[in-house]
Amino acid sequence: MAIFKARVKEFEDIFAQDVIELKQLRQHTFNGVPDVLSFRALSWKMLLGYLGPRRSTWSTTLAQKRALYKQFIMELVLPPGHTHNGEGDSDDGNESRGVGLKDHPLSEGPESAWNTFFNDNEFLLQIDKDVRRLCPDISFFQQPTDYPCEIVVHSKGEQGRRLHERVVPSVLSSANVERKGLGVTKINLITKRSAENYAAMEEGQEAHWEVVQRILFIYAKLNPGQGYVQGMNEIVGPIYYVMASDPDLSNRAHAEADCFFCFTALMSEIRDFFIKTLDDAEGGIKCMMSRLSNMLKAKDLSIYNHLKSQELHPQYYSFRWINLLLSQEFPLPDVLRIWDSIFSDENRFDFLIKICCSMILIQREAILENDFASNVKLLQNYPPIDINVVLTHAVSLA
């Protein structure tokens, strides 16, 4: 208890400064953020570059970004031809979204906003499928948010504002969009989640998964070169959970916008993992898996040779570990703890590779005894473990 109180005091002192000392914040966050007050949400916002070190700029930055995100919803989510006014629709009074009613839903021209609207459903289908089973071990994403997006949930009978209404649920089971050109490693990106689908909320309410769906949809619209790739839902989920669980209700009310910008910042660092043509680039997934192999070879030649002799290549297990920042290998509380350390790492993903290497080394005896099939099962379904054991081991890898 005394140690916990001391750690809380360290974070209180850091955030009491007029200009936050980032090096100090990194050091303390690396060792885990106490799960009290807004410490984790604030630490992540800073370490991902959403907020700058000067406290006096925070309120302006947040107000501007949150207003910008509201604009994204108006421009990218609401159906073409919609005008917003009156109660609950907008704070801006009467204003047109800039898409005229003359742009008829039957128009097939390439410039047609309706044409774009219907084409969006191709990737929206996959987003809908993925977010409906996000983090099934906890009920959080199925629960209603206390801060639904008013201009979306009060549709007044207008179809299309709620994204899940645009895709037909009966089609979901057959839809399976995978990372383009992934080849042999595609099996490892497919998420391990249950097949259960979460239900949507009634008019006036929305579940947390519906909010995450909107974040991913807007991200895909704003990044057409990348779009939505399966697995991004597993990256955005923990960030949204942290923002939407912030004890400070004034921040929690803006969890959607804050999560969007933190997710975008993180994706700018790991986007190479999700783009097939960059697999061989320095920041690409093949390069990261090679770094893991080289570290394993340097730390324990016996395990390295054993896995090599079984032809158990890193892409069979570490592709998903690295690509999804271990978000599928551990329970959510452990993922948050891992990400405290990863986000604190100035060389960002050096420590991720060390964690992955430690996960293998900790299972040394079992791996050396196991045959190929047993090792695949062990590494693709990592056994329950105290996450602090893994992190402490990773720190010891010089």
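The legends below describe close-up views of a predicted model. Residues are numbered from 1 along each chain as its sequence is written, and side-chain values use heavy atoms, with hydrogens and water left out. In this predicted model, local features need pLDDT of at least 70 and side-chain atom pairs count only at pLDDT 80 or more, while totals for chains, interfaces and linings use all residues.

**View 1. The whole protein has 19 helices and two strands.** Helices (H or I, at least four residues) and strands (E, at least two) are DSSP runs, numbered from the N terminus. Of the 398 residues in the protein, 53% are buried. Buried means under 20% relative accessible area, exposed means over 50%, and partly exposed lies in between (1.4 Å probe, protein chains only). Contact means heavy atoms within 4.5 Å. Among contacts between residues at least 6 apart in sequence, 75% join residues at least 24 apart.

**View 2. Helix H4 covers residues 58–77.** The expected span of a helix is 1.5 Å times one less than its number of residues. For the 20 residues of H4 this gives 28 Å, and the end C-alpha atoms are 27 Å apart, which agrees. The buried residues of H4 include Trp58, Leu62, Arg66, Tyr69 and Phe72. Pro80 lies in the loop between H4 and strand E1 (83–84). Pro80 counts as buried because its relative accessibility is 11%. Pro80 and Arg161 are 81 residues apart along the chain, and their C-alpha atoms are separated by 10.0 Å.

**View 3. Helix H11 (residues 255–270) is largely enclosed by the rest of the structure.** The reason is that 13 of its 16 residues are buried. The end C-alpha atoms of H11 are 22 Å apart, in agreement with the expected 22 Å. Asp258 lies in this helix and, at 1% relative accessibility, counts as buried. Leaving out residues up to four places away in sequence, Asp258 touches Lys45, Tyr50, Leu62, Arg66, Met243 and Asn251. Two of these, Leu62 and Arg66, are among the buried residues of H4.

**View 4. Helices H6 (residues 121–131) and H8 (residues 208–222) pack together.** Two packed helices are described by the angle between their axes and the distance between the axes. For H6 and H8 the angle is about 145° and the axes are 10 Å apart. Axes are lines fitted to C-alpha atoms, for helices over the stretch in contact, and angles run from 0 to 180 degrees between N-to-C directions. On the H6 side, the residues that meet H8 are Phe123, Leu124, Ile127, Asp128 and Val131. Their partners in H8 include Trp209, Val212, Leu216 and Phe217.

**View 5. Tyr317 and Trp321 form an edge-to-face aromatic pair.** Rings of Phe, Tyr and Trp (its six-membered ring) pair if their centres lie within 6.5 Å; planes under 30 degrees apart count as stacked, over 60 as edge-to-face and the rest as tilted. The structure holds 22 aromatic pairs. In the pair of Tyr317 and Trp321, the distance is 5.2 Å centre to centre, with 65° between the planes. Tyr317 is buried at a relative accessible area of 4%, and Trp321 is buried at 0%. Elsewhere, Tyr50, Tyr69, Phe72, Phe260 and Phe261 form one aromatic cluster.

**View 6. Cys357 is in no disulfide.** A disulfide is a pair of cysteine sulfur atoms within 2.5 Å. A search of the whole structure finds zero disulfides. The cysteine sulfur nearest to that of Cys357 belongs to Cys356 and is 8.7 Å away. Cys357 counts as buried, at 0% relative accessibility. Cys149 is also buried, with a relative accessible area of 11%.
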